[in-house]
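Hello,

Here is the structure you are taking over. Please open it first, then read the notes below.

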Number of protein chains: 2
Amino acid sequence: MSAQVVPMQEGRTGAMCSQALPVADLSSLFARRPVERFAPGQPVFWEGDEATHIFEVADGMLRALRLLGDGRRIIVGFLRPGDLLGVSLKERYLYTVEAVSAVELRRFPRRRFEDEVARHSHLQQQLFSRLRDEMTAAQDQAVLLSRRSAEEKLANFFLMMRRNENCTRTAVVDLPMTRLDIADYLGMTIETVSRTITKLANSGVIAPPERRSVTVLKMETLRSLADGDESEHWMPSPMPRAQYAFASA
Amino acid sequence: MSAQVVPMQEGRTGAMCSQALPVADLSSLFARRPVERFAPGQPVFWEGDEATHIFEVADGMLRALRLLGDGRRIIVGFLRPGDLLGVSLKERYLYTVEAVSAVELRRFPRRRFEDEVARHSHLQQQLFSRLRDEMTAAQDQAVLLSRRSAEEKLANFFLMMRRNENCTRTAVVDLPMTRLDIADYLGMTIETVSRTITKLANSGVIAPPERRSVTVLKMETLRSLADGDESEHWMPSPMPRAQYAFASA
DNA sequence: ACGATATTGTAACAGAGTGTAACTGCCCTT
DNA sequence: AAGGGCAGTTACACTCTGTTACAATATCGT
């Protein structure tokens, strides 16, 4: 997930990590910047603020959220180390970002960031790639929100949060955020989150609820609950298909 | 809306529309391409197909959709003249695109498109701008889907579809798509769509339901129903705000 | 023009999810 | 150790939406 905010995935794949070259990749832009620390709950910037900086998450987790007029809150994504904040934005930030756990960030001036990117085509590629990932994540979230039951939503959520973790049959998934955060991300209420977690625990898919983590007991069952989406992760597609059209009606 | 698919907005704003310069803007790449026609219901490409071309909508309306394993269908956006299809994609298209009404498209090979964009920085700017719009739209859709009632969703939908139209107090909004399309876009069922439209008609906000259009009688009321989002379209933001952080806990 | 089919509208019912509120457990303060 | 505050859970009544079924209407093909 890390919806709106450019997941890293590949990032620096190890190896040539020295800063020999001036700008090896997007992350290296941030490498020499000082670390800024944010306490849990503390805001980094607000929706509507002038977008002066791009941030890279060095450590911890953050939430990106939007507020509706009547106070309803929507979390559009959670951010983790390696993610960038603020790339996809125009003159103003689209959402508020707050620290969930203790967070370390590095910031880079937006103008200079754009200059650097414009100057180096390989950075451009990377940026486009990140934007595409971000788009995909945003779309996936839309799909998740539109046509899925509480159980499916949570199953998906646990799997998304499991990213990084080893893919064993059982796993402990870290949940630094509160139930309210989860609810606002999945478009439900904290009560439904609680009830559903309890239900999953009763059916033995996960261990009895802990405060800040979930222990998955039956990974496969969880996967099947989460499924429905991902329909089938796209094999070449066997059938030939009409591609061009004849005008009619 | 036009969710995932890069709304145009500015596009060619009239004036210097001749193709004097080699590549004035993104649209001009498509200008000399032959028009392809698609009949209503006809697919342009499928989710998972290799992304070989970028398309520009010349006329008509299309829907971009994704299918879930169990047959559930999610429409991630509707496309209108000036919109581009396929820009945000990786090697494969993320969604299926089908014609809603009779459609005219122009296509451009993706490789060449990317070359052109990489070569001209002003095209890059435009492409980034479109991607940002697309992101915003995707996020707005997520917000719409997550925390809104049937009535709010439809009110929003009508307003989105009214784009272009003159902003008078009453207006006829074209709805080329079926109720099922609307339902799958808003994450509800056709019955709920029907009921809600009837309700809006009974309360005098819109005229009695017509098949392929809606006549808005009380634009302001519709706006207030749709509101809640858009919280306040961002005035400079009055209060000073802590921006940096002290580590703690 | 006519009938078949698809789309849309209406109604009754069931179920999932919500909201309120009470209750538990935990952590922190005093 | 007692008290307050907060996050989380649970229970219950209620609401909204989905489901199912059927009627009405439009669309299409012959």
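The notes below cover the DNA contacts and then the aromatic rings.

Keep in mind that this is a predicted model.

Start with DNA strand D. It has 18 residues around it, and Arg179(A), Ser194(A), Thr198(A), Arg212(A) and Thr192(B) come nearest. The residues of this surface divide into 8 charged, 7 polar and 3 nonpolar. Helix 6 (190-202) of chain A and helix 6 (190-202) of chain B each supply at least two of them. Helix 6 of chain A gives the largest share, 4 residues.

Which part of the strand faces the protein? Of the strand D atoms within 4 Å of the protein, 68% belong to sugar or phosphate, and the rest to bases. Three contacts are worth a look:

- Arg212(A): a polar side-chain atom lies 2.9 Å from a phosphate oxygen of strand D.
- Ala150(B): a polar backbone atom is 2.9 Å from a phosphate oxygen of strand D.
- Arg211(A): a polar side-chain atom lies 3.3 Å from a sugar or linking oxygen of strand D.

Now the rings. There are 19 aromatic pairs over all chains. Phe45(A) and Tyr93(A) are stacked, 3.6 Å centre to centre with 15° between the planes. Phe45(A) sits in strand 2 of chain A, and Tyr93(A) in the loop between strands 6 and 7, 48 residues apart. Both are buried.

In chain B, the ring centres of Phe30(B) and Phe113(B) are 6.3 Å apart and the planes are at 50°, so this pair is tilted. Phe30(B) lies in helix 1 and Phe113(B) in helix 2, so the pair ties together parts 83 residues apart in sequence. Phe30(B) is buried at 0% relative accessible area, and Phe113(B) is buried at 2%.

Finally, Phe78(A), Phe157(A), Phe158(A) and Tyr185(A) form one aromatic cluster.

Best wishes

Definitions and conventions: Residues numbered from 1 in each chain as written. Chains lettered and ligands numbered in written order. Predicted model: local features only at pLDDT ≥ 70, side-chain atom pairs only at ≥ 80, totals over all residues. Heavy atoms only, no water. Near = heavy atom within 4 Å. Polar contact = N/O pair within 3.5 Å; in protein donor to acceptor, adjacent residues only side chain to side chain. Helix = DSSP H or I, 4+ residues; strand = E, 2+ residues; numbered from the N terminus. Nonpolar A, V, L, I, M, F, W, Y, C, P; charged D, E, K, R; others polar. Phe/Tyr/Trp six-rings, centres within 6.5 Å; stacked < 30°, edge-to-face > 60°. Buried < 20%, exposed > 50% of the residue type's maximum accessible area, 1.4 Å probe, protein only.
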